[in-house]
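Welcome, and please load the structure in your viewer. We will walk through it stop by stop, with something to select at each one.

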Amino acid sequence: MYLNKEQEAMLNGEYGSIVSKMMRLLVRLGDIYKAEKMIPVASVQVAGVSYKSIGDAGLEFLQDIAKEAKVKVLTFLNPAGMDLENWKEMGISEEFAKKQLAIIEAFKKMGIVISATCTPYLAGNLPRYKQHIAWSESSAVSFANSVIGARTNREGGPSALAAAITGYTPYYGLHLDENRQPHYIVKVNVDLNNSTDFAAMGYYIGKEIKNKIPYFVGIKEASIDDLKALGAAMAASGAVALYHVENITPDAEYVAKEGIEKIEFGEKELKETYEKLNSGEEEDIIIFGCPHASLNEIIKIAKLVEGKKMKKQFWICTSRAVKEIAKKMGLEEKIREAGGKIIADTCMVVSPIENLFSTTAVNSAKAAHYLPGFCKQKVVFKKMEDLLR
Ligand code: F3S
């Protein structure tokens, strides 16, 4: 792979041993995928933040890196294992909290923005169309590639960190226009009425097409919340990192659609997917915000619960930035009065909720997919209004 003078110097240790190690990792990755060169990245999103996922080995690895290296570009974090301020309220143990805060401290030392969210694009890290970035979290990758039209591969934790520290990523995969062409046309024959319908469709399609690229036709309207739910579900049940929606996503009009295989999605598939994702009956808690809730979703929930006292406890997971605005708008108070909590910096999958609950209700197909395995939960999967009712 061609390296310019700066990249050569990084590799040869002129910027220190950690930078050299990180550049070596990127060169190896580039060699595997036959990248011809490195390209600069505008921003990074690093996964592997929760103590539940990375454990003591991950903490030590990060502390070693933090001794020497700093990030070169705007870098955000994926959700941590707890609300970094109100972890006690979540029922998190002192021991877990201590380790999680040490992980955050290591990231902070590297110069990373302590914004632990899977929706960085709603919280201050918004790439532009065709900008090259190196993001990790699968739903954020899908949103950036598909809805914004930025260019990113689905990075692992170490390769994203390497991109943050060097400012570069190998030029392969979804950074190249020729790899962004659709493999399937998905004909949508049913009205999708809310984000949960979009999520259910995403779950079905992800299972069908695995890591390929779909091109949706027949979707008349889709909000940002619908699209984030759709992408998250396809990335979870399959490994879809990019999708196009006719007349809606920015690259849709430029890609080739001729002669590719068709899949139909209708009423029957939608109903079957709802049934499939329900494994529980009576939930202990309802958790919204997978991917992290937008301000709009919180406004909607606050309106639905205003003046009511819910029988079940409910959480809304979101970014710290959105939680602060919700607080300022008085939404948090309304939600609290109804018996709910807005939880920042974490989510129902990466926090240790298995120690607290056994059946969780969600309106997210991604959460419904991961909760049984990651958190030993039975799942109730319904749309937001139905869960709150
Ligand atoms: Fe985000 Fe957690 Fe869902 S990281 S996409 S809220 S599983």
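Start by selecting helix H7 (195-209), H8 and helix H10 (295-305): each of them supplies at least two residues of the lining of the largest cavity. Before you look around, keep in mind that this is a predicted model.

**The largest cavity**

Which helix gives the most to this lining? That is H8, with 3 residues. To find the middle of the cavity, pick Lys 228, Cys 290, Glu 297, Asn 363 and Ser 364, which lie nearest its centre among the 16 residues that line it. Colour the lining by residue type and you should find 10 nonpolar, 4 polar and 2 charged residues. The space inside the largest cavity is about 130 Å³. In the structure there are 2 cavities of 30 Å³ or more. Rolling a probe the size of a water molecule over the atoms is what shows where empty space is left.

**Along helix H8**

Now keep H8 alone, residues 224-237. Its 14 residues reach 20 Å from the first C-alpha to the last, close to the 20 Å expected at 1.5 Å a residue. Bring the rest of the structure back into view: 13 of the 14 residues of H8 are buried, so the helix is largely enclosed by what surrounds it.

**Helix H6 and the glycine after it**

Next, select residues 157-166, which form helix H6. Is H6 largely enclosed or largely open to the outside? It is largely enclosed by the rest of the structure, because 8 of its 10 residues are buried. Among the buried ones you can click on Ser 159, Leu 161, Ile 165 and Thr 166. Step on to Gly 167, which follows H6 and has a positive phi, near 85°.

**Rings and a charge**

For the next stop, show the side chains of Tyr 129 and Arg 151. Arg 151 lies over the face of Tyr 129, at 5.7 Å from the ring centre.

Then turn to the aromatic pairs, of which the structure holds 8. One of them joins Tyr 370 and Phe 374: the ring centres are 5.3 Å apart and the planes stand at 55°, so this pair is tilted. Both residues belong to helix H13 (residues 365-375), and because they are 4 residues apart, about one helical turn separates them. Finish on Phe 374, which counts as partly exposed because its relative accessibility is 47%.

How values were computed. Residues are numbered from 1 along each chain as its sequence is written. This is a predicted model: local features need pLDDT of at least 70, side-chain atom pairs count only at pLDDT 80 or more; totals for chains, interfaces and linings use all residues. Side-chain values use heavy atoms; hydrogens and water are left out. Rings of Phe, Tyr and Trp (its six-membered ring) pair if their centres lie within 6.5 Å; planes under 30 degrees apart count as stacked, over 60 as edge-to-face and the rest as tilted. Buried means under 20% relative accessible area, exposed over 50%, partly exposed in between (1.4 Å probe, protein chains only). A charge sits over a ring if NZ of Lys or CZ of Arg is within 6 Å of the ring centre and within 35 degrees of the ring normal. The expected span of a helix is 1.5 Å times one less than its number of residues. On a 1 Å grid over the protein atoms alone, a cavity is a set of points where a 1.4 Å probe fits but cannot get out, and a pocket is an open set with protein on both sides within 12 Å along at least five of seven lines; lining residues have an atom within 4 Å of a point. Grid points are joined across faces, edges and corners, and a volume is the space filled by probe spheres set on the points. Ala, Val, Leu, Ile, Met, Phe, Trp, Tyr, Cys and Pro count as nonpolar, Asp, Glu, Lys and Arg as charged, and the others, Gly among them, as polar.
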